Amino acid sequence: MNIGQAARASGVSAKMIRHYESIGLVPPADRRDSGYRDYGAADLHRLGFIRHARDLGFSLERIRVLLGLWSDPGRSNADVKAIARAHVRELEDRARQLNEMADALRTLADACDGDGRPDCPIIASLETGADAPACHPKPAATAPARSAPRGKVRVGR
């Protein structure tokens with residue numbers, strides 16, 4: 001099958017197939033007399049492996065190592081597990097960093113009145129790199145008690 005058919009069958013774009021070929025993750029495809037690449041079942045299987053590894057966020061270098069282990073019948077599953085565990089730790093670190101970024105941005109967004117005025121703590125923070133104060137100070141948490149309205153008094157709504 002040609003590269004377009006291989007791309008559709010594997011879920012890997014033709015551009016990425018060419019890239020994987022250029023960096024050695026995929027061996028060069030056989031060529032037809034016309035010069036077009038010709039992919040077979042083994043190529044599709046390898047592309048599927050790469051796609052699944054990319055879907056899990058593995059780097060190309062880790063995929064290269066995993067491909068080597070995949071093709072080694074004498075591999076140790078302990079080696080594969082160590083790679084997976086290291087990747088899990090990296091993903092957890094990245095998730096923590098993303099949560100910290102979301103928290104910081106949420107705090108900045110909460111500090112902005114969003115009332116159409118030009119002063120903005122989000123812009124100020126991006127400009128200076130510091131935490132920005134609110135556009136307008138919020139009133140104190142304890143507000144003065146209101147007197148009961150005159151006239152009818154409603155009891156229970």
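These are my notebook entries on one protein chain, taken from a predicted model.

**Entry 1: the overall layout**

I began with the chain as a whole. I counted six helices and two strands. Reading along the sequence, I noted the order α-α-β-β-α-α-α-α. The protein chain has 157 residues, and buried ones make up 22% of them. I then looked up how far apart in sequence the contacting residues lie. Taking contacts with a separation of 6 or more, I found that 41% join residues 24 or more positions apart.

**Entry 2: H1 against H2**

Next I took the pair H1 and H2. I noted that two packed helices are described by the angle between their axes and the distance between the axes. The axes of H1 and H2 come within 8 Å and cross at roughly 100°. H1 is therefore roughly perpendicular to H2, as that class runs from 65 to 115 degrees. I listed the residues that make the contact. H1 brings Ile3, Ala6, Ala7 and Ser10, while H2 brings Ala14, Ile17 and Arg18. Sorted by class, the H1 and H2 contact has five nonpolar, one polar and one charged residues.

**Entry 3: a glutamate in H2**

I stayed with H2, which spans residues 14–22 and holds glutamate 21. Is glutamate 21 buried or exposed? Its relative accessibility is 13%, so I logged glutamate 21 as buried. The cut-off for buried is under 20%. I then looked up what glutamate 21 touches, leaving out residues up to four places away in sequence. The list is Val26, Pro27, Pro28, Ala29, Arg37 and Tyr39.

**Entry 4: the nonpolar core**

I searched for the largest nonpolar core and found 21 residues in it. Ile17, Tyr20, Ile50 and Ile63 have the most contacts inside this core. Which elements give two or more residues to the core? They are H1 (3–10), H2, H3 (41–55) and H4 (60–70). I picked out isoleucine 50 for a further look. Beyond residues up to four places away in sequence, isoleucine 50 touches Tyr20, Leu25, Val26, Ile63 and Leu67. Tyr20 and Ile63, two of those partners, are also on the list of residues with the most contacts inside the core.

**Entry 5: helix H5**

I turned to H5, which runs over residues 77–111. H5 has 35 residues. From first C-alpha to last, H5 reaches 51 Å, close to the 51 Å expected at 1.5 Å a residue. I looked up the buried residues of H5 and found Ile83, Ala86, His87, Leu108 and Ala111. What covers them? The cover includes H4 and H6.

I also checked leucine 91, placed in H5. Leucine 91 counts as partly exposed because its relative accessibility is 41%. I set leucine 91 beside phenylalanine 58. The two are 33 residues apart in sequence and 9.6 Å apart in space, C-alpha to C-alpha.

**Entry 6: H5 against H6**

Last, I looked at H5 with H6, the helix of residues 121–128. The axes of H5 and H6 come within 8 Å and cross at roughly 135°. That angle makes H5 oblique to H6. From H5 the contact takes Leu108, Ala109 and Ala111, and from H6 Pro121, Ile122 and Ser125. By class I noted five nonpolar, one polar and no charged residues in the contact of H5 with H6.

I closed with proline 121, which sits in H6. Proline 121 counts as buried because its relative accessibility is 2%. How many residues apart in sequence are proline 121 and leucine 108? They are 13 residues apart in sequence and, C-alpha to C-alpha, 6.5 Å apart in space. Leu108 and Pro121 both appear in the H5 and H6 contact, and Leu108 is one of the buried residues of H5.

Notes. Residues are numbered from 1 along each chain as its sequence is written. This is a predicted model: local features need pLDDT of at least 70, side-chain atom pairs count only at pLDDT 80 or more; totals for chains, interfaces and linings use all residues. Side-chain values use heavy atoms; hydrogens and water are left out. Helices (H or I, at least four residues) and strands (E, at least two) are DSSP runs, numbered from the N terminus. Buried means under 20% relative accessible area, exposed over 50%, partly exposed in between (1.4 Å probe, protein chains only). Contact means heavy atoms within 4.5 Å. Axes are lines fitted to C-alpha atoms, for helices over the stretch in contact, and angles run from 0 to 180 degrees between N-to-C directions. Angles under 35 degrees count as roughly parallel, over 145 as roughly antiparallel, 65 to 115 as roughly perpendicular and the rest as oblique. Ala, Val, Leu, Ile, Met, Phe, Trp, Tyr, Cys and Pro count as nonpolar, Asp, Glu, Lys and Arg as charged, and the others, Gly among them, as polar. A nonpolar core is a set of buried Ala, Val, Leu, Ile, Met, Phe, Trp, Tyr and Cys residues joined through side-chain atoms within 4.5 Å. The expected span of a helix is 1.5 Å times one less than its number of residues.
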